Structure formats: structure tokens, C-alpha cells
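I opened the model today to look up a few packing details. My notes follow the order in which I checked things.

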Amino acid sequence: MRSAAPKAPPERPPPPVAPADVRASRVYLLSRGTLVGLLRRSASIAALVVLDVAGLALGLYAALLLRQLVYGETTIYWSLLWREGPQTWLPFLAPITVLLFLQAGLYASRERRPGPGRVLGSLVLVALVVLAFGLGTDYDFHTTGLIPTAVVTCSLAIGLLRAAYDSAALELMRLAGIRRRVILVGDGDNLRRLRAALAAARGGIPYEFLGVVSPTGEPDLPVLSSSLDDLTEVLVSVRPDELVLSENDFDERTVLRAVEQAHRAGVKVRLAPTTTELLVRDAEYVPGQGVPLFELSPPALTGADWALKRAFDVVASIAVLLFGLPFWLLVAIAIKLDSRGPVLYVDRRVGIGEREFGMLKFRTMVAGAAARQTELEAANEATGALFKIRDDPRVTRVGRLLRRLSLDELPQLWNVARGEMSLVGPRPLPLRDHALLRDWHKARYNVLPGMTGLWQISGRSGLSFDDLVRLDFTYLENWSIWLDVTIIAKTIPAVISGRGAY
């Protein structure tokens, strides 16, 4: 008898083939996406350079025009730009300005591009270069006030042109339906906070959330996978522009693996930092300790930083108080005519070092409103240590308008002049809200509280309290006088739009 032929072993499925690393491709730099991105960035930089040079010319003309008016010359000509030496200024100033703007990051991508504060700081450096060159060549400037005047006028001209460009470019991209396609990676509350913060962002191209990679999921978003083990397949099938990862939800090895998988697929990775990283400023390397050690400084302003910020606060607050006096009187009259009670309201707040102080505000509520807060606690619409009611029944008619435009905050300029507050900083909280803070929130009390800050220009009442505190730590970590100027400049459109103000 013939023996039965042995059965062939069952075929095993081929092992999954990992997608090729896009960075290894010889034509990666010549691929369509890379070339389109390069052309887009080149066009953006070229447009900004043209606008900056145009703003420089307009600012110089405005400065020369002001000088003519000061000297009583009423006949104004455009040829001012080409008379009395300016024909040599612009070819000299334009490349210096562009180079210093480039060094200051003013030609970076939209998300990383600094605001008007950095423009002003860079133009101050340009002025110092011009002054040094003039002194070295014995150039006669005719009037010593021309250079600081030109710095102000050029800052205004360039700032306005850049703001117009950003607004027009954003509007065109929105009309064209351009979105940042993003996948969120995280878990639980951190993932929900991350999504809320990204959705509330004011500037830049809006996010389109494609889904989440999360073991628990996120309401209203598809769960693409419950495990990071499948991240490569998710990236290949969905092809997002960005991967935003809540770093606090994963260990270091998992984060590094996820970053590598995303980079292999050609996807940009952004990490949402942990609270610990926001509580400290830049780490400083300490040599000679046997092992690499980095010293973490607390989030506080000391020494020259404090002196510069305080001098800026005093000069600006006193100037606005004096020049705005007629307006303050009109507001006071409107308050008195609308309802009974004092014009000013002293609100007890917690300031630096968790010390209590009296913060001044124009009264926006009826007399005795503070005594009614307990009965309104159930109607509170805010989360965390905040109390906000959109249609608060205690607010008067004039008070509603003052709150809508944030004019009720203006008396705090007196608190700034007295050293109890700063123009920019973490917002001081009432005693009721301070009692509800968690321990990690209290690092915000290492600096003077502010009239405005990142809260006011980043969604205001639309963000959760934890997100607002994280913005405070971000401000402390990245503080500069130009950041303060930028926040003040961005507060004006935020106030006019009234988003989150009630």
C-alpha cells in the first residue's frame, strides 16, 4: 500500500510590511508636498519683506513729515524721501532691517512668528545701528528727535501692514477650505482639555480633528485606534498633517516611539507639555557635578527683569491715567445716571505672594450685588475656580456695556501705579475663587497680577480654568518686555471682538 502523502503545512499570512520611511526617499525633497510647502513659505517671506520695506519707507516719510510740521513748513512733498539725505537711508536701512527681522524670527512660520512687540524691539536695534554709523561717520542728523520718531512711525506702519497681510491671508485660506488635519493622542481629561484648547485658538489655520488614538475615546470624535501599537497603520490610512500628543498620558519610551512612527510617515508631531514643564523656566546646565545636572529656576521675575517691567508699568499707567481723565469722567457720569451707588467698586483680590489687596473697578452691578452671589452659585457657567454667568441679573445696563468692552477694568491703572498690579500678568482672582485653587495653581502668585494677559487674548472665558493657569505659566516662562507689548497690542482687538467677555 502506498503511504498517504504528507499534508502541506497551512500557509501563514505574510508579516506586515512597515511603511517605508519617507525621509529615506531620494525624491523626498522634490516631492509635491515638500515643493508646495517650500513655494508657499518662500512667497510668504517675500511678501513680508516687501511689506516691511514699504512700511519702513512710509514710516520714514511720516517722521520727516512730522519734522516739517514742527518747523512750520506747510508745503509737503513726497520727494521728502529723496531729499536731504534720505535717498541714501532707505537702501542702507532696508537690508539691515530685513536681516535683524530675520534674526528676530519675524519671517518664521505663522505659528512661530512674534507679534508687534518684537517688531518694535528690532527697529530699536536698527535705530542703534544707524546712530552708531552716523556717529562714526560724523553724519549730521539735523534733529536728534528724528530717529526715535522714525522708530515709532515705522513700527506703526510695519505693524499695520503685517496685520493686514495676516488677516487677508487667513481669510483667503479659510475661503479656500484649508485646514490643519490633525489626530489627537491621549487619554481622559487631558485629551478633552487638549481638544478644547486647540478648538478655542484664535490665530492660525483652524484645526480639523480627524479622530483620536485613545483607550477611552473622546465624545464626537471617531476613535481611530485604542492603542499606540497601531499608530503606523492609522497614519498611513488617514494621512494627517499633524499628530498632537498629550505627553502627560504616556511614558518617555512610548512618546519617543510615537514620534519616530510619525516622522517615518512624514507627519509633523506636536507635544502638549505637562504641568511640571510649565511650572519652571528654562533649565540652566550646571557643569562639574559628575553627572549632567540642570537647575530649574522658579517662575518669577527678579533683578533687571523686574526693574524693566516695573518701569514700563509706571510710565505707561500714569500716562494713560492722565491723558484719559476726560473719558473717566464721562464713564463716571454714565454710571451715576444709570443706577444708585458709588462709581468705583473695590474688589478684594489675591495678589503677589497670595497677599490680599483692593482691586479697583468701575461699578457694573447694582448696590449689594456681592451679598447675592451665594444664591447664584448654582447658575455658575464656569469650571474650576471661576464664577461666570453670561446673563448675570445683577449687572446694570451701563455695566453690561462696560463689561462688553472691558472698560470696567481701567481703574486698575491706579493699582498698577501703586505697585499692586502690572499691566500684563496672571489675572488676580477673588477670594472665593482663590479658596478653590489646587496647590499647583499657586505658582502664578510669584509675580504681580496683571490687567491683561494670555487669558484675554487666548479665548478668555471660553477656556477651562486649568487651561488658563497653563497660559499663566507659559507667560512666566517666556516673559520679555516685547511679549508684554505684544499682549497689550493683541488685547485691543480681543476686547473689541468681545469674545468670552461677560
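These entries cover the overall make-up, one strand residue, a helix pair and the aromatic rings.

**Entry 1, overall.** I note at the start that this is a predicted model. I counted 17 helices and 12 strands in the protein. Of the 502 residues, 41% are buried. I then looked at contacts between residues at least 6 apart in sequence, and 70% of these join residues at least 24 apart.

**Entry 2, Leu245.** I picked Leu245, which lies in strand β4 (residues 242-246). Is Leu245 buried or exposed? Its relative accessible area is 1%, and under 20% counts as buried, so I entered Leu245 as buried. I listed what Leu245 touches, leaving out residues up to four places away in sequence: Val185, Phe250, Val255, Ala258, Arg270, Leu271 and Ala272. I also looked up Leu191, which is 54 residues from Leu245 along the chain; the C-alpha atoms of the two are 8.6 Å apart.

**Entry 3, helices α6 and α7.** Ala258, one of the residues that Leu245 touches, turned up again here, on the α7 side of a helix contact. Helix α6 spans residues 231-238 and helix α7 spans residues 252-264. I read an angle of about 30° between them, with the axes 9 Å apart. Angles under 35 degrees count as roughly parallel, so I put α6 and α7 down as roughly parallel to each other. The crossing of α6 and α7 is right-handed. From α6, the contact is made by Leu231, Thr232 and Leu235; from α7, by Ala258, Gln261 and Ala262.

**Entry 4, aromatic rings.** How many aromatic pairs are there? With ring centres within 6.5 Å as the rule, I get three aromatic pairs. I wrote up two examples.

Among them is the pair of Tyr207 and Phe209, with ring centres 6.1 Å apart and planes at 15°. Planes under 30 degrees apart count as stacked, so this pair is stacked. Both Tyr207 and Phe209 are buried. Tyr207 has a further partner: the charged end of Arg180 sits over the Tyr207 ring, 4.1 Å from the ring centre.

I also checked Phe327 and Trp328, whose ring centres are 5.5 Å apart. Their planes are at 70°, and over 60 counts as edge-to-face, so I logged the pair as edge-to-face. Phe327 has 35% relative accessibility and counts as partly exposed, whereas Trp328, at 14%, is buried.

Note on methods
Residues numbered from 1 in each chain as written. Predicted model: local features only at pLDDT ≥ 70, side-chain atom pairs only at ≥ 80, totals over all residues. Heavy atoms only, no water. Phe/Tyr/Trp six-rings, centres within 6.5 Å; stacked < 30°, edge-to-face > 60°. Buried < 20%, exposed > 50% of the residue type's maximum accessible area, 1.4 Å probe, protein only. Lys NZ or Arg CZ within 6 Å of the ring centre and 35° of its normal. Axes fitted to C-alpha atoms, helices over the stretch in contact; angles between N-to-C directions. Helix = DSSP H or I, 4+ residues; strand = E, 2+ residues; numbered from the N terminus. Parallel < 35°, antiparallel > 145°, perpendicular 65-115°, else oblique. Left-handed = near helix turned anticlockwise from the far one by under 90°. Contact = heavy atoms within 4.5 Å.
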